[in-house]
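Dear colleague,

I am passing on a structure for you to look at before we next talk. Please open it first and then read the notes underneath.

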Amino acid sequence: MELVNRYVYAVTQKLPEQQRADIEKELKGLIEDMLEERTEGGPVLESDVEEVLHELGDPSALADKYRGKDRYLIGPERFDAYVSVVKIVLVSVFIGITVASVIEFVMNPVRVVNHFAEYMATLFSVCIQGFAWVTMIFAILEYMGMRDSNNKLTSKKQWNLSDLPLLPDSKTMIKPSEPIIGIIVSVLALILFTFALDLVGVNRYNEGLSWVIPVFNGEVFSKYVPFIWLITAISILRDCLKMVKRKWTNEIVILHLVFNIISLVLMFAMFTNPSIWNPGFINELVHAGIITEGSEAYNTVATIWDSFTGGLIYIIVLITFIDSVAVSLKLFLRK
């Protein structure tokens, strides 16, 4: 029955999520009836199964018949994942911008009307951008899928059972939570480093006043923002592909490694540039009364600051290397 299961899997994976269970049951029943009619109640041979599946034809064509509709910009095969990603991105944007705006307002509770207007404008703008990015990514995935399908049809005279995809192995399956968490982290990181960089630092409260001693040099950091947008787009593309495929494939592994390489190059360029850090960070801590110059606490904080700014890139390299090795092993598990 493996051929039957593979055939049913090939058909149902091209259908909307809510239809898959019913059509899987219906299709298996249809195949059983066809086999019973062919064998007249006798034993079922593998050749009988092959003939029945050949009679049913190309799984893609059969899936189109079950759908009863042509493909759109984003086809039914990917539409459920598309809606899920749009929801995740929009909710992440709302939470990230709202939290950042609330913190800024608490720290500087003036210009309430202007602050609210800025918040609404930023929220609307980023939500539109997030929606557009996700739609574009899924449109690209749809186009690539249609192109691959067309290439297969033009390169082969007739559909063959050998074209059936293998049933997914539990070792290569991708947990639904993995791409969801990845998208949320990517969006929140983008919001933090694009719209709320001034909140990254040491918060100081004194006599009703509050301010942040920034860790980064905002003017220098802003030069890297376009590249941060780029790697965020690649990260979301990778996680969208995971939600569509639901298993580790060569394409996902390669895209994951490409993302690691590009992000590592960017992180290396950023964090080995000493001017990206706030040059007056330690002095500002002293002026704020957090530490006293020449004290043991001052020397400890200065040592930690030097180690952090100088050694962060090595930690990033180590984490990226471990992650790349772990993901590369997915290729061996597929063999």
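The notes below concern a helix, a core and some aromatic rings.

This is a predicted model, in which local features need pLDDT of at least 70 and side-chain atom pairs count only at pLDDT 80 or more, while totals for chains, interfaces and linings use all residues. Residues are numbered from 1 along each chain as its sequence is written, and side-chain values use heavy atoms, with hydrogens and water left out.

In helix α7, residues 177-195 (helices are DSSP runs of H or I, at least four residues, and strands runs of E, at least two, numbered from the N terminus), the buried residues include Gly 182, Val 187 and Ile 191, where buried means under 20% relative accessible area with a 1.4 Å probe, protein chains only. Seen down the axis, the buried residues of α7 fall within an arc of 160° (taken from the directions from the helix axis to the C-beta atoms), so they line one face of the helix.

The structure also holds 11 aromatic pairs; rings of Phe, Tyr and Trp (its six-membered ring) pair if their centres lie within 6.5 Å, and planes under 30 degrees apart count as stacked, over 60 as edge-to-face and the rest as tilted. Tyr 82 and Phe 138 form an edge-to-face pair, with 5.5 Å between centres and 75° between planes. Because Tyr 82 lies in helix α5 and Phe 138 in helix α6, this pair ties together parts that are 56 residues apart in sequence. Phe 216 and Trp 277, by contrast, are stacked, at 5.2 Å centre to centre and 20° between the planes, and both are buried.

Best wishes

Definitions and conventions: Buried means under 20% relative accessible area, exposed over 50%, partly exposed in between (1.4 Å probe, protein chains only).
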